Amino acid sequence: MNQFSYLKGKSQEISPWPQIVEFSKVKVQTLKANSFLMHENTEFKFIYVTDGKYYWTIDNQTYTVFPNDVVMIWPNQIFGSLNGSFEIGAFTVLTLDITNCKDNELNLGDWSNICVTEQKLMGNVICQKMKSLIPNFKKFGEILQKMEYEIMANEIGYNAKVNNLIDDIWIQTTRQLSNTENKGRIFPQTFHKLDQLLRENIAHPWTVEEMATIIGLGTTTFTEKFKTFSGFAPLNYLINLRISEAIKLLKNTDQSLTDIALGTGFYSSQHFSTTFKKLTGFTPGLIRKNK
Amino acid sequence: MDCILTIDISTSSVKVCAYDFSGKLVAFRKASLSIFYPNPDYSEQDPEHVYVTVLFVLRDFINEQILPSNYKIETIVFSASMHSVLPVNNKGVPIGNAMIWSDNRAKKEADLIKESEYANQIYQNTGTPIHAMSPLAKIKWIKNNQPERFKKASKFISLKEYIIYQFTNQYVIDYSMASATGFFNIKEKKWEEMSLYISGIDSSYFSDAVSVFNSDLKFKPNIAKALNLPKNTKVLVGSTDGCLATLGSGVFKEGQATISITYSGAVRVAGDKFINDNDQRFFNYILDDDIYISGGPTNNAGVVLEWFSSHFRNHKIIHDFEDVVEGLFKEATLVKSGSDGLLFLPYLLGERAPIWNSNARGSYFGINIKHESKHFLRATIEGVIFEIYSIGKILEDYRKIDQLHLTGKYASLPICASIISDVFGKKVKLSDEVENVNKGAALLGMIDAGVFKNIEEAALSINEKSVFEPNMANNEVYKKLFNIFERLTLKMREEFELIEQLQH
């Protein structure tokens, strides 16, 4: 195995891709004291283990990492090994500059071919879960190998090819995360999780695509399963939740109709009142008057 | 054509059905309901969301299925699960969520009442075992633990009463539902003084109790309009899921019993007298004058199969519990009856009948080196059925049972039916009704319309789809295993307590 270490600003090899901060393949053959102390991580880092067994600690939680596992370390997380050094083995590090992963939004930058709305959905899955360990993720290793080849060989089109591979890393990570999260789960269980999320974020302008991504299903399958299980199409179910929440607010608080409307995800108090009357037979005002 | 519309508000879903006056199911629709578990012992439902779900599923059902096929709704009949408690203030506004049947937080209150001098009289008069599920214990819990909420409450109602109140602006409770509260004297059909006394409330905290055939209710005009309901639609207050499932499976006379396996399970018999069990193990609910539905409920039925399936079976495709559990039953046929001596006690959620022990816990017994994953699967299914059998066996002290009628999505699977038949050593009948509870509700509507003279005649109209005869060789094996099942359950009483203390 050839070891290498490309660093942004130092290594010519990765200069065409400013989003790559580090791309290194490391082989540990002897234990070196104090080689891997606990430290604050600065950029978003993926580590893919190819050999050995590691005990790594991220924000006070220690993970046992085996070959084919991927570890994700977020900016500002405290990362290292409690005994201060790397165990014997091998791994690949890929550190990426992502402009922003606040508020569950993933913002990859201009080089990416993934459209902004899809980046947002992916952010929802990756950032919201803040997972540190993705076990048994061989596909990730395959992508890293292709990247290594493209960067070394410089064949025609290598520039675009590497950008595509980095996009693929984000796509596969998102898919893997929603799959592991929902694998072996029966729809009612995943439905329950989504139901909770919808209730907690009732004012959020939800789309079916967004819900489907969270469950880890394609939109068509998701809508069909959702309807069979809940009895309502996803967006109608959301309206049910909004109306029930609004009824509770009308009966139990003195919030204005506009506040209730906006707080439960309607565009305006007018939109709220018409929908409410049409669905329940009463105006919101009447429900309030009888409280 | 005229039809009867039935609404069953069960724990996990609202099911609406339309039947024509010959009793044929002509349309069906279902919507899911969410249950919240804010603490391990708590199970709650949001009354407004339950209401909105019932309202919306009805609207979609009527507009998309009933009106386009030119049916006219003549009567609406209600059914719902038992034992829910919802405090409402003097304006009818819910104070918090409803505690549903599976809510176990009132364990301590139940134990105290059970040990008190009033326990015997309360059980004998109300017919409801004193347990955390009973509204008697739940209301006491609210009083002891949420005094503010208790003070604000002007009524304690069930979710069914809340939905009916939203639709009609009237508080009514049918005799069946009332007889599941622990507050209702089933002999005199009035609120029981002793229960009221120990709870520090009076009968004004409850709705007016009426016959299941009561039809004084009228939908509010705005709601009737929003639902596209004809103005003169008759509304029958109806009954509970337990009573109606029994009626809807054709059980009404001596010699018959119904076994229901859904999320939870029950064995029930119908009779003209209620069962006064010295150990207070059985419930007694009023269906109609001189018709009592008696029996015992188990916590650990379909939920155990679902638990096994989701933790010990890998599902490549995400699908529904029903399919998954059906798959389990098929796989179980790979193992002989009796699981080659592997035995399972299914008390994952504590147990109600017949041991009424909230601390009971599950266990596999007799594991040897040859047992494989499929043995555990079969033993799990058999354990659930042994638990059902343990209820049926004691019921036989009071009633003769010759044949069993099965209801509920799991019991109705043929493989499950044949195991039940072998364990009981009795003939098992499957009716051709899919929705026994809704069918029971429809029968009430048909009796009211004069199609049938009485409950007995209505029950006779249920047709059988298939009959399972017991295999007596298997029955021998099961008898031996069941003997060990009973002994283990009895022996482990102290160990259940000890292990439960480690589970908080």
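In the predicted model, the centres of domain 1 and domain 2 of chain B, taken over C-alpha atoms, lie 27 Å apart. Domain 1 of chain B covers residues 2-242, whereas domain 2 is assembled from two segments, 250-432 and 471-504. Contact between these domains involves 22 residues of domain 1 of chain B and 18 residues of domain 2 of chain B. On the side of domain 1 of chain B that touches domain 2 of chain B, at least two residues each come from helix H3 (119-126), helix H7 (175-178) and strand S13 (234-240) of chain B. By residue class, this side of domain 1 of chain B comprises nine nonpolar, 12 polar and one charged residue.

Chain A is likewise assigned a domain 1, residues 4-182, and a domain 2, residues 185-291. The centres of these two domains of chain A, again taken over C-alpha atoms, are separated by 37 Å. Seven residues of domain 1 of chain A are in contact with eight residues of domain 2 of chain A. Helix H1 (116-129) and helix H3 (158-182) of chain A each contribute at least two residues to the side of domain 1 of chain A that touches domain 2 of chain A. The greatest contribution to that side is made by H3(A), with four residues. Two nonpolar, four polar and one charged residue make up this side of domain 1 of chain A.

The overall dimensions of chain B were examined next. The C-alpha trace of chain B spans about 70 × 50 × 45 Å along its principal axes. For 504 residues, a compact globule would be expected to have a radius of gyration near 23 Å, and the value of 22 Å for chain B therefore agrees with that of such a globule. Of the 504 residues in chain B, 53% are buried. Among contacts in chain B with a separation of 6 or more, 74% are between residues 24 or more positions apart. The secondary structure of chain B consists of 18 helices and 22 strands.

Seven of the strands of chain B form an open sheet with mixed pairing, in the order S16-S17-S15-S14-S20-S21-S22. Strand S16 (283-288) and strand S22 (464-468) of chain B are at the edges of the sheet and have a single partner strand each, so one side of each lacks a neighbour in the sheet. From one strand to the next, the twist averages 30°. At the S22(B) edge, strand S21 (residues 427-431) of chain B is joined to S22(B) by four bridges, and the two strands run antiparallel. Within this pairing, Ser431(B) has Glu464(B) in S22(B) as its bridge partner.

Helix H18 (residues 493-501) of chain B contains Glu500(B). The surroundings of Glu500(B) include 15 other C-beta atoms within 10 Å, and this residue is therefore classed as partly exposed; the buried class requires 20 or more such atoms and the exposed class 12 or fewer. When neighbours within four places in sequence are left aside, Glu500(B) is in contact with Asn359(B) and Arg361(B). Between Glu500(B) and Lys225(B), the separation is 275 residues in sequence and 53 Å in space, C-alpha to C-alpha.

Terms used. Residues numbered from 1 in each chain as written. Chains lettered and ligands numbered in written order. Predicted model: local features only at pLDDT ≥ 70, side-chain atom pairs only at ≥ 80, totals over all residues. Pairing = 2+ DSSP bridges. Axes fitted to C-alpha atoms, helices over the stretch in contact; angles between N-to-C directions. Rg over C-alpha atoms; globule rule 2.2 N^0.38 Å. Contact = placed C-beta atoms within 7 Å. Domains from an automatic or database assignment. Nonpolar A, V, L, I, M, F, W, Y, C, P; charged D, E, K, R; others polar.
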